[in-house]
Amino acid sequence: MSIGVTHVLVVSALIFGAGVYGVLARRSLFGVLLALQLMLAGAEVALVGFARFGDASAQPLDGMALAFLAILAGAAEGVVAVALVLLAYRRHRTVHVDELDKLAG
Amino acid sequence: MYNLAWAVVLVPLGACFLSYLPEVPRRAALFCIAGTGVSLLLSLVLLAYRLQHNDAAPYQSVITFLTFPPNQDLGGGVVGDFHPQLGVRVDGLSAVMMPVVALISLLVQIHSVGSMRGDAGLRRHYALLTLATFAMLAFVSSPNYFHLYVMWELVAVCSWLLMGHWWHRPEALRAARRAFLVTRVGDVALLLSLVLTYVKFSANVALLPNPPGQDLNDPLSFTLLGQEWHRGHLGAVAGVGPRTLVVTALLLLLAAAVTSAQLPVQSWLAGTAEAPPPAAALIQSATVATMGVVLVARAYPLFLEVPPVLAALAVLGALTAVAGAVLALTHTDMQRIIAHVTSSHLGLAFVGLGVGALSAGVFHLFTQAWAVALLVLAAANVARAYGTRDIRQLGGAWERMPWTSRAMLAGCASSAGVVLLSGFWSLDGVVGGVLRNQLPNGASAPGPVQALLLVAALAAMGLGALALVRLVAVAALGAPARRRGFQPEKVREAPNAMRAPLLVLAGLGAVVGFAGIPGIRATFGNVIFAGATPQHEPFSVVALLLTALLGTGGAAAGWLIWARRDPAASRLAARVAAAVPLGAATAALEPLRARATELLITRPVTLPTLLERSVVDPLTDAVADGLEVAATGARRLQTGRLSSYLLTAVAATALLALGVTLAATGHLPGVGASR
Amino acid sequence: MSVNGPLFYLGAAASLAGAIAVVTVKDMRSAVLAFAGFGLGLGLLLLVIGADLVAGLAVLVFTGVVPAVVLTGMVLTTDPAGPGDDAEAPRRPMLSAVLKRWPLALGVAAGFSALLIGVAATSRGDWETGPYPSELLDHGTTATLGRVLLSSYALPFEGVGVLLLAAAVGATVIARRDRMERDMDRAERERAEREERMRRRREDRVRAREGRRPGDSGMAAALPGDEDGG
């Protein structure tokens, strides 16, 4: 069977699902961060798949353009997130997700 | 020019609201006094104007508050065109009564400056006084039944609040509540009569042409009802027969009797003894107690169609007059004596109304207003100085409080009917009316009834005079009883603010009577009259003589018994009292009556409270508790932990995505694209 | 032109293996390495699909930028007195450490994935597909994508550039110790130094009292109860 858009979408869904699991199950903030990047990557794969297999007559490769920009934005977000983790560490001396419990009023 | 009536009615209301603006309660009092004064001035101007244009038709101006689409059937066959209208009506009755109410209210408020000084609820007191003034002014100038009912209720509420001013005293609370509940019976009667009138007459009124300047006909307006009642009596209105008129009149009679403290519910008025004296004065003389008389006067065209009801009213009034006078003789509390005297005089006013002498009856109300207010305020002054209201412990006020006691004497004399004072002329008018016994439309009470009325009226006059003189004599003369902590030398005359109103009232009481001398032109009878034209009641010498005899004679007898302490007179009085144990019997009956009132009226009325406590309160408590449990449970979501918040966010997003997917593919009923 | 089947599956397997490794391994450093591996796999996958430029960027970012930054952060957040750099172990015993969280997380993740896969599967025949221009396949998509980025999407492109600048500056600002923290750190350091000095002085005094030579460890004299003379 030739590779179609469905295959790409399945792969993207699985990567995204792995990312979701990581966000919920990881106990370190960095782990959550990496899992978040995974979720973003999954979405980007889906975008590229649609650009490749979709109708390319009207706007060629706009899905890839969006994926391109999304990866960049994800990188920026990762950098800022690490800075925030550093700040939280300095305040609370921990990066354990369960020990950060000051969010309640 | 007639639109000044709006200002007269509304200025006290504005003063009531404005009284909450100043920081200092004393300045609030000034606001209220100023407002009432302005209202008084305007009402006097209005009176003068009306006297000039006396033969013009009554002026009415209304505001319609709600308008339903015409001919809308609201079920039950009643055409839906009830338009609540409030407004003013300027005719003889309202033009005369408005200055009375305004002036008494003003004097009462001036008295309050002295007597309520330092009271914690001063602002509330003044606000309520002005509110009651507004309500009463609106009541006497009401153009239709609905407005009258609304203001009736407002006056009753104000009087309840005023009577319970010192709410931390249980006696005051009890008295206020009893007064309120007892008069509610009258309210129900009034409401029933209102509904009955509307139901019976509205369909017919809708067919009449509209009056000029108004776009709808108010079926409850007095002008219209005056004609409609007559036509109903003649059988010209569908569905209305003599029975309707009788029932309506009886309901109105009940309402008037209850409010004006007639037999058997007269003791609620005595409860005003617990109120602050200025409020008590206002209630007795100008507001609540007089509402009944004004109601009958307003609905007089109806009563004229059913003479038997008028006769019943007169008989009731006469019996009350006698009973009130007797009770006044037996009581020892100053304010209670005055309250019983008031109800007795209101009974006499009803007698006047009942025999067709509308102007005499209203005139009696007019003169008694001054006298009663004067008496209440003077008694308050004395009670304040002596620290007690019991006349057995009073004495010596004649020397120590000269102004107050002399004013009190003037008030008593006027009320008793001593010759040439105002009470004399009004009582003469009532007696003359009884003697003449002719309604404007020609009917008259049967002979035995007339005889009963005459005897009762004269007896009431005599006994009332006795009671009043007893009040003054025992209170003012002699020496005060020795009591613990009471120093007679410390008793001093009341301060200016409490003295001045007394003097004004005494002067008015003496002078005003001349406006009602029958037979003289431009008198009271020209302004307030029954029927279409004023009746010039002839000068009745017999009535004059009888009144003079009993009024002055009674006063003299009282003076002999209590002031001079003439032994012969006292022995005679004692023998009479022993022979006719009326006093003791009535005095014994009174606690019985109080108990009956309590059982029949107060207890059943508190049933809804039980209902509320047993059903409504647990229900609301359950709702509140349920909310609290839910909130406590929901609070557990707030762990503050990052991990749980992440979980919640992602799970919610997942559910949202599921929902959107289902909706977009049409699997959710009613949402999104169809399949 | 169609996509190369075996290579596609290889790239998919590599990226999925990397993704699963990232979210399951206990050691954080290994997780970062796994993430780098995921990046490589993702690059292969995208390349096979035909997105050259995107693949290159993905490799750059996912294998280069993100692991580097995360590793830097991990280095800076290791507790000097704590149990190494095992940031997974909580400081104090808490319920979540006892209660396993992964079943719930697995459920949610599986549900989410199932939803997405289900949508993809059920709408298999409804996607709007079209022929992929052959010149793109032959010469690669880089030129076209570059032209698209700089013409149609010039504004977002520049905007992302500004975003990167803002992120860099902002991260620096956030991660910088502010004045209060610097003062607190300085105070803490001074306090530690003071304590250290006092401790040494006390030891010297004790040693001098007992007549021992300076430098002797004198551990026995440091017991409680001997300090009342000092």
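Trainee: How many helices and strands make up the secondary structure of chain B?
Mentor: This is a predicted model, where local features need pLDDT of at least 70 and side-chain atom pairs 80 or more, while totals for chains, interfaces and linings use all residues. Residues are numbered from 1 along each chain as written, with chains lettered from A and ligands numbered from 1 in written order. Helices (H or I, at least four residues) and strands (E, at least two) are DSSP runs numbered from the N terminus. On that basis, chain B comes to 26 helices and two strands.

Trainee: What percentage of chain B counts as buried?
Mentor: Buried takes 20 or more other C-beta atoms within 10 Å of a residue's own, exposed is 12 or fewer, and partly exposed is in between, with C-beta atoms placed from the backbone. Across the 675 residues of chain B, the buried share is 51%.

Trainee: Is B:Trp562 buried or exposed?
Mentor: B:Trp562 sits in helix α22 (residues 541-563) of chain B. Its contacts (C-beta atoms, placed from the backbone, within 7 Å) include B:Val469 and B:Ala473, beyond its neighbours within four places in sequence. Because B:Trp562 has 23 C-beta neighbours inside 10 Å, B:Trp562 counts as buried.

Trainee: Which helix gives the largest share of the largest nonpolar core?
Mentor: A nonpolar core is a set of buried Ala, Val, Leu, Ile, Met, Phe, Trp, Tyr and Cys residues joined through C-beta atoms within 7 Å. The largest has 209 residues, and B:Phe139 and B:Ala457 are among those with the most contacts inside it. With 21 residues, the largest share of this core comes from helix α15 (residues 358-386) of chain B.

Trainee: Why do α3(A) and α3(C) count as roughly parallel?
Mentor: Axes are lines fitted to C-alpha atoms, for helices over the stretch in contact, and angles run from 0 to 180 degrees between N-to-C directions. Helix α3 (residues 62-92) of chain A and helix α3 (residues 52-76) of chain C have axes 10 Å apart. Under 35 degrees is roughly parallel, over 145 roughly antiparallel, 65 to 115 roughly perpendicular and the rest oblique. So the pair is roughly parallel, as the angle is about 5 degrees.

Trainee: How many charged residues are in the contact of α3(A) with α3(C)?
Mentor: Ala, Val, Leu, Ile, Met, Phe, Trp, Tyr, Cys and Pro count as nonpolar, Asp, Glu, Lys and Arg as charged, and the others, Gly among them, as polar. A:Phe68 and C:Val61 are among the contact residues. The division is 19 nonpolar, two polar and, for charged, no residues.

Conventions
Two residues are in contact if their C-beta atoms, placed from the backbone, lie within 7 Å.
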